[in-house]
Amino acid sequence: MTPSTQLPTQPETPPASAEFYEANPDTALDALFVFAHGAGAGQHHQFMTSYAKGLAERGINVVTFDFPYMEKKRSTPDRAPVLEDSFRKWVQHAAGDSRVKASKLFIGGKSMGGRMATHLAAYLDKWPSVQKPSGVIAFGYPLAPPRGKRTGDRVAHLKTLTVPTLIIQGTRDPFGGPDEVKEAVFEGGAKPPIEILPVEGGDHSFAVLKSSGRDQHAVHEEILNAVADWIRKR
């Protein structure tokens, strides 16, 4: 599916635009997914658009948007509170759009966007006037920087989650593989409702080596099918 016209900006939202990918009516799942981009590329990056289209084809309404720093063409991401506030406002905006015919809300994103989605899910008390999400989906969780020391705690809030969460993680992800994410999340006996889907041979964007013999398109299709099935079960 191709995106329709841009969602109109409401006064309370940041100065940004969003894209709406309408669900295929033949496979509609009564679900809306608000999909946030990663730190280095905005909503129109090929990964974002291909996954948004793929999910829409599988019956899921998808809304993407740009965080304020990306809209202003800055390279450095905003601080977490700004990202969270922007994300929350776009969720509110998308859920209230008249074109979205869905009763179930899901939030998530690529890398940093997925991490911010887990932040929102961990602090539901900050959602007084927004529909609570039925699930969170993180495409490549940035557990730790590929180089240098880990900055900040990216795990503690995950242990407190009560919202079903799916983390898709490549086994070659330099930010942390699925086993590392699993160990960090469930360390100390924590039991948050988190499922981790490993992508064998995948990097941070699920790209596989040619030497693996795996078809790249098929890898992405498998991921999209798994995400759609996970949403369908909720």
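The buried residues of helix α3 (buried meaning under 20% relative accessible area with a 1.4 Å probe, protein chains only) are Leu 83, Glu 84, Ser 86, Phe 87, Arg 88, Trp 90, Val 91, His 93 and Ala 94. Their cover includes β1 (18-21), β2 (31-36), β3 (60-65), α2 (68-71), β4 (104-110) and α4 (112-122). Helices here are DSSP runs of H or I with at least four residues, and strands are runs of E with at least two, numbered from the N terminus. Helix α3 comprises 16 residues (80-95), so at 1.5 Å a residue, counted for one less than the number of residues, it should span 22 Å, in agreement with the 22 Å between its end C-alpha atoms.

The model is predicted, with local features requiring pLDDT of at least 70 and side-chain atom pairs pLDDT 80 or more, whereas totals for chains, interfaces and linings use all residues. Numbering starts from 1 along each chain as its sequence is written, and side-chain values use heavy atoms, without hydrogens and water.

Turning to the interior, the largest nonpolar core (buried Ala, Val, Leu, Ile, Met, Phe, Trp, Tyr and Cys residues joined through side-chain atoms within 4.5 Å) holds 38 residues, of which Val 34, Phe 65, Phe 67, Phe 87 and Ile 107 touch the most other members. Helix α4 gives the most to this core, with six residues. A second, separate core of 27 residues includes Phe 35, Ile 137, Val 227 and Ile 231.

Overall, the protein has six helices and seven strands, and 52% of its 234 residues count as buried.

Terms used
Buried < 20%, exposed > 50% of the residue type's maximum accessible area, 1.4 Å probe, protein only. Contact = heavy atoms within 4.5 Å.
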